[in-house]
Amino acid sequence: MKKWLLALVAVPALLVGCGEKKESTALPEPQEPQMLEVQILTPKEVAINETVELAAQVEQGGKNIDDADVKFEVWESGKRDEGQTIEGKLEKDGVYKAETKFDHDGVYYMYAHTTANGVHNMPKQQITAGSPDMTKVLPEDEKANNNSMDHNMMDHGNDKSEGAEHSDHEKSEKNHN
C-alpha cells in the first residue's frame, strides 16, 4: 500500500517538475519605429521652362530605405488646390526622384510625402522659379489668414453699409413724423 501511495505522489510530482522545465516562449516587446529621415535634394532656385528634378533621400536608423512610398506634391503659392502629385521612383541608395517643369516665374512649394515601415514624414520646401515679383507673393502660412481677414472685412463692410442704409431710413422716417 505504501508503494502505491508513494507512486501516486511521485508521478504527479515528476510531471509537475517536467512542466516547470519548459522555456518561456514570451514574445519580445515590440519596439517603437525609428523616425523616418527625409532630406529634400531639390534645389531651392530653378529656371523656368527647364526640367526640374524633384529628389529626396530616405533613411531610417541610419540606413537607406529602398522600399518607401514617395510622392512629391507641388503647387504655386496661393494655388494649392491646383497643385499636382508626382510619384517618386527609386533611383538608388534611398534616393527617390521625379521630374516637373515650371512654365512661369513664381514661388512654388513642395511636400515630399514619404511612408516607410509604418512611419510617415512630409518635409516641405519652397522653390523659386525664375525671377518672381516677391512683393506679390504671399507665403503659404499667411495666405489662409489673409483670406479669412478679407472675408471678415467684407462681412464687416456689409454690416456698415446695411447699418448706414438703416440709419438713413430711420432719419427720414423721423423727419416725416
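This is a short tour of a predicted protein model, stop by stop, with something to select at each one.

**The whole chain**

Start with everything in view. The protein chain has 177 residues, and 28% of them count as buried. Colour by secondary structure and you can pick out two helices and eleven strands. Follow the chain along its sequence and the order is a helix, then the strands, then a helix again: α-β-β-β-β-β-β-β-β-β-β-β-α. Among contacts with a separation of 6 or more, 62% join residues that are 24 or more positions apart. If you switch on the surface, you are looking at about 13,200 Å² of accessible area, with 52% of that belonging to carbon and sulfur atoms.

**Colour by confidence**

Next, colour the chain by pLDDT. The average is 78, and 63% of the residues score at least 70. Where is confidence lowest, and where is it highest? Select residues 140-176, which form helix 2, for the lowest mean, 42; then select residues 84-87, strand 6, for the highest, 98. Stay for a moment with residues 142-177, where the pLDDT is below 50. Beyond near neighbours in sequence, this stretch has two contacts in the model.

**Strand 11 and its partners**

Now select residues 124-129, which make up strand 11. Add residues 45-46, and you have strand 2, which pairs with strand 11 in the parallel sense over two bridges. To see one bridge, show Val-46 together with its partner in strand 11, Ala-129. Then add strand 9, residues 106-116. Strand 9 pairs with strand 11 in the antiparallel sense, over six bridges. Val-107 is a good place to look, as its bridge partner in strand 11 is Thr-128.

**Gln-125**

Keep strand 11 on screen and show the side chain of Gln-125, which is found in that strand. Is Gln-125 buried or exposed? Its relative accessibility is 8%, so Gln-125 counts as buried, the cut-off for buried being under 20%. Which backbone oxygen does the Gln-125 side chain reach at 2.7 Å? Display Thr-42 to find it: the oxygen belongs to that residue. A polar atom of the Gln-125 side chain also lies 3.4 Å from the backbone oxygen of Pro-43. To fill in the surroundings, select Ile-40, Thr-42, Pro-43, Lys-44, Tyr-108, Tyr-109 and Met-110; Gln-125 touches each of these, leaving out residues up to four places away in sequence.

**Gly-83**

Move on to Gly-83, in the loop between strand 5 (69-76) and strand 6. With a relative accessibility of 34%, Gly-83 counts as partly exposed. Show Val-74 and Trp-75 as well, since Gly-83 is in contact with both, neighbours within four places in sequence aside. For a distance to try in the viewer, pick the C-alpha atoms of Gly-83 and Met-110: they are 9.4 Å apart, while the two residues are 27 apart along the chain.

**Two loops with a positive phi**

Finish with a pair of backbone angles. Most residues other than glycine have a negative phi. Select Asp-93, in the loop between strand 7 (89-92) and strand 8 (95-101). Its phi is near 50°, a positive value in a residue that is not glycine. At 47% relative accessibility, Asp-93 counts as partly exposed. Then jump to Asn-117, in the loop between strand 9 and strand 10 (119-121). Asn-117 is not a glycine, yet its phi is positive, at about 50°.

Conventions
Residues are numbered from 1 along each chain as its sequence is written. This is a predicted model: local features need pLDDT of at least 70, side-chain atom pairs count only at pLDDT 80 or more; totals for chains, interfaces and linings use all residues. Side-chain values use heavy atoms; hydrogens and water are left out. Helices (H or I, at least four residues) and strands (E, at least two) are DSSP runs, numbered from the N terminus. Buried means under 20% relative accessible area, exposed over 50%, partly exposed in between (1.4 Å probe, protein chains only). Contact means heavy atoms within 4.5 Å. Accessible areas come from the Shrake-Rupley method with a 1.4 Å probe; for residues, only the protein chains shown count as cover. pLDDT is the predictor's confidence in each residue, from 0 to 100. A polar contact is a pair of N or O atoms within 3.5 Å; within protein, one must be able to donate a hydrogen and the other to accept it, and residues adjacent in sequence count only if both atoms are side-chain atoms. Two strands pair if DSSP finds at least two bridges between them.
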